[in-house]
Every structure is written in structure tokens, then in C-alpha cells.
Amino acid sequence: MRVLRRLGPTVLAPVLAVVVAVVISALVMAALRVDPLRVFAVMVDFGDTPTQQMTAVVVVLNRAVPLFLAGLAVAVAFRMGLFNIGVEGQYRLATVMAAAVGAAVALPGPLHVLLIVVVAMAVAAIWAGIVAVLKVTRGVSEVISSIMLNFIALGIASFLLTGPFRGSPEGASIISTAEIPRSGWMPGLNGVFGLLGLADPPRQLYGFLLVAIVVGVGIAVLLGRTRFGFDLRATGLSPSAAQASGVDSRGMVVKTMLLSGAVAGLIGMPDLLGATHAYTTDFTSGLGFLGIAVALLGRNSPVGIALAALLFAFLDRALVPLQIAQYPASVITIIQGTIVLAVVVSNEVARRIALRSAERGGAAPAVAAATGDGSTGPGQTADGAAVGTGAGVGRTAGAGQQTTTDARQETGA
Amino acid sequence: MPPGPRATAGEPQADPGSGAAPLAVELRGITKRFPGVVANRDIELRVRRGEVHAVVGENGAGKSTLMKTLYGEHRPDEGQIMLDGREVTFRSPADAIAAGIGMVHQHFMLADNLTVLENVVLGSEPTRGGRLDHAEGRRRIAELSDRYALGLRSDVLVEDLGVGDRQRVEIAKVLYRDARTLILDEPTAVLVPQEVDELFGNLAELKREGLTVIFISHKLDEVRKVADSITVIRRGTTVGTADPRTTSTRQLAEMMVGAQLPSPQTRTSTVRPTPVVELRGVTVTDADGRALVDAVDLTVHEGEVVGIAGVEGNGQAELVDAVMGLRPTTSGAVLLGGEDVTAWSTRARREAGVGFIPEDRHRQGMLLDAPLWENRILGHQTRPPAVKGPFIDRRGARADTARIMRDYDVRAPGPDTLAVALSGGNQQKLIVGREMSARPRLLLAAHPTRGVDVGAQGSIWRLLEDARAEGMGILLVSADLDELIGLSDTLHVMLRGRLVATLDPATVTPEELGGYMTGARTTAGAA
């Protein structure tokens, strides 16, 4: 019961958001004279043969891995109350640098891959670190600086790609870096299909899936179980209280942004190590922005982000089949967009419900105590019940805003 | 505005429906339930027109719930609200305002960066051609200010005003909306004695003009001074009404809590010679180089409570921040047990044995959206029982939270309850328990009993006394003069960043102390 109550709002909000998004998208489609039911049918149709179906599953998983990492990168900063909008620039710059370094060296297999990954993480972390340094030394809002740095990062990335790192011949339609040698490729996981007795699809399931899972677990442990994670979350919940508790807020900003950036550096790795083996002009873009949506939908928890990433990947997969079936592919964009909007609204609704139920949770057992040993003293326990209510009432009326106003007033006075 | 019908003050309870002088406000059998709890039960409140009617009760007794009912913030489950003898139903505060009810909140709802004029008219601006009509607003505010002796200056920024002035702006806001009945929620909580007297003067003006004031408080002396009649609420229901002229404070207190009123008293000195903390010429300046704390010298010994009295905003908060390491000192040194800790981080100071009860527990003391056990860890992230190496010890933190809840009488369902669900008193007891559990050498207690009920106040006082007896040094900043006088071994007065007087708490009276706090008295001897 308690688990249900605690999970209730957490699960409810995203599910509600998805349902609302589907309904809205259906209405939009209907308005555009597209039959929503048939569109949804195409979206869930994974093919007829087992091989086709498994291919679809692999496509979804392969897309989900970078989305998951992007969501994590955003969420790490989010949990501290920082908006890292710069994930896009961070991973693009990191990937082009890692691709160039990877192509320039020849090392034994695992080391080669490790080097590429470390370079990517380092580059993205440094790029995110700029945001942190600007914030703690100059008070620049991380939202502004990370957005601006996106443009610079993308500019630098295309300069590097077309200039120093160019590996493709002159006049090629797609410019790319030199290809990473085989030792720097990450093998696929298709072996598991055989082990599970499933059809082995022609497409490779990214080996980076395992890395992503490890990173996800690592982040979950770091945030939930360590002192560092506690400091980080405390700062996110109340910077002033965290500071009074001894958290060095500036240091936390730097550390958190470095961590967020390092995770962002991994976003390009599944594609780079598992499929393209080079950074190209048509390398997957937009993952950093989708990551914000994924983190929102997943409510910043690693498990939630994994589910959200799978959903977004599932939607992404439908792009091609929809086009084949002569339906507008923008349907997917509409659904993703409405999910984001709906999630923002429903998160707020869920937060209020959670707050309210917490207050009730606070008040109700006090009443039980009052009835239980009402004979012990003159009104002591009953007072407890009334005390609980006082708080409950106060909160319900104003929700979150009340607290912030109060805090402001008290600092002002 | 014609003056409303008035009943002579001191007249025995007017019968409901007697017709001659309908009551300004009458609540009949108000019951308000929240899931699992009854916040108000069969509340009866009769307020005559033109009187100051006090509603007293402990924190959490249901005063706020009742006033929210009257102000239309929620609807009662049972009972009737009658205004001037007519039953009314409020769907929102807007309805209540339209019916002539105004609320002055305890925490001011003012925009600091707007002028008095802009704050007062906000939401019901006089306009001319779609633009704010400053002249009309200024005229109406001047009129209000004259009529009720509020002394408002329309064009001053609210951020430049003192607490008393801000409160008058709040009152003007309500009057501007033609309120005939004012609800004042704990209006004296933030005021010093002199400002309280000024407020009472304003209330007398309001009364003279035929307005009705409902005055929420738990400060019984003040209530007796200002109120024409008193309704006492305990455990969500009215336990009776009292005439302030024939009822003693003690009788009122007994009605209110149903028990003896605690008083802070530490008379036998436990001061030991070893200093715990020494401040040497500590100066804190703001961004413009103005000294907020000005060359403060101060020593707290083991087993000593050093009280800092002062009108809020005279540098006490900055002094506390400087000792906690939350704000850099411009010059001077902070010595903890003889060691210079001026350059130490807050965490290092905490680890070296500094406990902290912040003045604003929501801002600095708690993570409201986190469970109690996580709040147990806050401020103690580097020490057992909450952590093991780099990891959080969830089990240990939960167990220790349960212990604190038991030992310090924190009333909550369990360690997993969110802190926001607790009443102010219980939150404060959790903070006190948490800080005490680390056995600090020095405890910085800023307004440790602010906004907590009498019961919790008494137990917090006892905890501080016990800790003092065991040799803890306590730096106590408070606005509660009785608390300062009762608990302190040494009492300093802070005015404009300086310690201007050192007084003997055994002989000083609250009035004298108030004089020093406002600068009316000085140590030179001018009384």
C-alpha cells in the first residue's frame, strides 16, 4: 500500500501524459484527415516474420541507448536544479573529437574503444565545465550559456569535420572523418538472440547497450546512495538548506556539470562504435534536445528514463514505416511534442497530488494515535492531530508557490 | 463609507439574531474536515461590529483553518458564516473581499521592488485610459493614511521600509479594497515592542472608524492589551470566550493549552572558563561595502548561553552566517576552541562541532520535499550514523530518525514521511533533535522557537537548558525577549551591526531591552 502510494504519482504522471499526448495527436490527425487508428496500427506493426520483428526490436533498442544516455545526462544536472540545455553541443563536439582520435591511433581492441570513449567523455565534460565555471565565477545562468555554447560547439564540430578531421574524398556527398580501424569498433550483442532462441536479425544490436546499463545503474547508485548524490539532490531541493548543511554549492555546480557532460559525451558512442565508425555530416543530431524530453518524461530517475527512452525510440522507429505507408512522418514529431507538453503539466499536477497525499499521510496516522490512546493525557495526542492538519491546510492552498514567496519575504525582511 | 452599526464594547455576548445590532461576523457550528482529520469542529465565533476580537490558540489548534474558512480559501463542511446577520457562502477569497473581509497575512505578500502605491493598488488599480492612474491612487492612499493614521508615503519602495511600515502597507492594501472586517494573522510575530504599540494604535484608529478586527495570536499579554473580547480555540474547537479585563493571562493560557504555561528559566550559572567560540572584530560587509556586522567581539564559554537581542535586520542574521561560514567575513577572526576557523568551510565547521538551528527552517534547515530520514542526514552528511564511508546509510539514518522522533517528541507517522507534512513545531523539534544528536560544542540557535506552539517551545527551552548544563556553548539570536532574558547568561544588544550594550538578563526588563534595541536607550545611561 505504501509502495503504491509512493509510486502512484510517479507512475501516474508520465502515463497520463502519454495518454493525453496520444489523444491530442489523434485529434490533430483527424483534423488533418488522416485516420489515426491506421497510423497507430502502422506504428505498432513490427513486421510479419520473426526476423523482421526482431529487426524492429533491435532498431528500437539501438535508438533507445543514446536517448537513455542523453536523458541521464540531462537528469543528473536536473536533480541539482541545473538545466543543462547544452547536451546537444556537448555530445556532437565530443563525438567528432573522439572519432578523429579513434581514427588516428591503432591500439588493441578494448583499449582502442576505451580511449575513444574516454576522449568523448573528457571533451563533453570540459565543454559542460565551461558552463559551470561561467556560472560560479560570473553568475551566468547555465540555461543561457549552455544554449549559446551549443551553437559554438556545432560550429566547431562542422569546422573540424570539413577541415582538419576530414577523411572523406573531395566532392563526396557526405563529408566524414576517417574511419576508425576495426580494433576501435564495438562488437554487437546479436549472440544473445541465439541464446534466447530468437531469430537473429541482420542488424547489429549495439554492444554499447551494456555500457549504458552500467552507466544507468552507476548513476542511480551515485544519486541515491552516496554522500555525493545526497549533496547533489539536497542542492536541487533547496540550495540554501544544502549550503547551510555544509555543501559547497559552487563546487557542486562544477562537479555536477562535469558529470552531466561526461555522460553526454557517451551519447554519440553507440552509433559511432557500433555502426558508423566515423563522424559524418548526417550523424544523428537532436539527441541532446530529445534527452531533455526523455528526462522530463522519466522524472529524472534512471529507470523512468530507460522507459521513456524506449518509448521515444519506439516512436522514432515508426518514422520509416509511416512514410512507406504514405502517412506524414510529422505525426511522430507531434506525438513527441505533445508528450513533452503533457508531461510538464502532469508532473506539476502529480507533484500537487503527491504533496497533498503526503500531508494526509502526515495527518491521518496522528488521528489514529489520538483515538488509540486518547485516555493517556489531557489532549496531548489530539493536539498532534490538529498540528498535522494545520500544516496540511497551509500547504494545500498555495502549493509550491506559497513556500517560495514565504522564503523570499523572510529573506527580504 | 458610513460607519457600521456598533455594539458597545464590553457588553455581554449579544444573542445571535437579537436583531438590534447584528454581529459583524458570526460563525455557527463550523466544521472542516480534511481526509483523516477534523481541523475545525463546531466552531462558534461571534464578533461584534467595531471591536477587536482576538482568536487565541496554540499553533495547530485550528486558527488558520478557521480564518481560511472565513476568508473563502476553502468551504466548511458544516456550519454557517453570517455577516451582519446574513448568511453568506464564499467560493473564493474574491467573494470574501467583495463582502468586505480582508486578510493581513503573517508573512507579508508585498513586492519589494514596487512602491507602496503600486503594492497597495496591485490587483485593483485605478486606471485612466488603460494606464495606472497614479494621481488617483496617491489621493486614495493619502486619504486612507490620514483617516487611519497609517503614515504611508506612496512613492517609497517597499524594500526600503521597515517591518512595521510593511505591515501598515498590508493593512492599507486591505482597506483600499474597502474591507470592513480585517483578519490579522499573528501580526505581532515580527514586531518589536515599540512597533507593537504602534500597531495597537492603528487598530484603535480602525475601531474608531467602525471597522472590525479579528486578531489571531498566541501572545496572551498582547491579546489582553488590545482585544475587546477573546475566543479561545483548542484542538480545533472553541473552548470558550473571555473578557480580557476580567481574565488573567494565566487563566487564558490554561484555557488555551489545558496545562501549565512553561517559562524559560536558567538561573544557576553553569558557565565554565573555557571559551568555545571567540569572535574578534568580525566584520561583514555587503556588496556596496556597507558594514552589516561591524567589528563584533564576542565570546561564548562552555555552558554559557549568550543572547543576541536586536530588531531584525540589524546584522544578527549576517553574524550567524559569519559564524557558520555561510558568508565571508571582511575582517576579524572566528576562533573555535582557540583555533582560527575564519577560512574554514561550513562543512569543516560543522565537523568541528558547530550545530545550527537556522532562523528560517524552510530555507536553511530542511528539505521540505524529502523524507524525514533524509532531513536527518542534512548537515551531517559526513558523520555516522547517517553515512558509511562515501555511502548513505539508509538503515542507520532511518533508525536514528526514529530515535529522534521518540526522544524529541516529533509527531509524525514515520521516518519516511515528507518533511512538508509536519507542522512547524514538529519540524523544529526534528531540527533541534538532529543538531543535538551530533553533540556540538557550539550551538547557533537563531529564533529556535519561532512559530512553534507553546508545548514545543517549552520542550525546546528545556533541551537548550540541558545542553547548557552539559557544557554546550549556545549563541542564541531571538526576537522573543522573554526567551532571551530567560535563557541567556549574557545578553548583548545588536544595533546597526554593532553590539551596543551588554546587559544582565537577571535584572533587565523587556521594556528596557526594547529601548536598547531601538537605540532609544544607550549604555551611557539616557533612559
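User: Hi! In β15(B), which residues sit on one side and which on the other, and are they buried or exposed?
Analyst: Val305(B), Gly307(B) and Ala309(B) lie on one side and Val306(B) and Ile308(B) on the other, and all are buried. Buried takes 20 or more other C-beta atoms within 10 Å of a residue's own, exposed 12 or fewer, and partly exposed is in between, with C-beta atoms placed from the backbone. Strands here are DSSP E runs of at least two residues, and helices are H or I runs of at least four, numbered from the N terminus.

User: Why two sides?
Analyst: Side chains in a regular strand alternate between the two faces of the sheet.

User: Is this predicted or what?
Analyst: This is a predicted model, where local features need pLDDT of at least 70 and side-chain atom pairs count only at pLDDT 80 or more, while totals for chains, interfaces and linings use all residues. Residues are numbered from 1 along each chain as its sequence is written, and chains are lettered from A and ligands numbered from 1 in the order in which they are written.

User: Cool. Which strand does β15(B) pair with over four bridges in the parallel sense?
Analyst: One is β22(B), residues 473-477, where Leu475(B) is the bridge partner of Val306(B). Four bridges also join β15(B) to β23(B), residues 490-495, again parallel, and there Gly307(B) has Leu491(B) as its bridge partner. Pairing needs at least two DSSP bridges between the strands.

User: Switching topic: how many helices and strands are in chain B?
Analyst: Chain B has 17 helices and 24 strands.

User: And how much of chain B is buried?
Analyst: Of its 527 residues, 53% count as buried.
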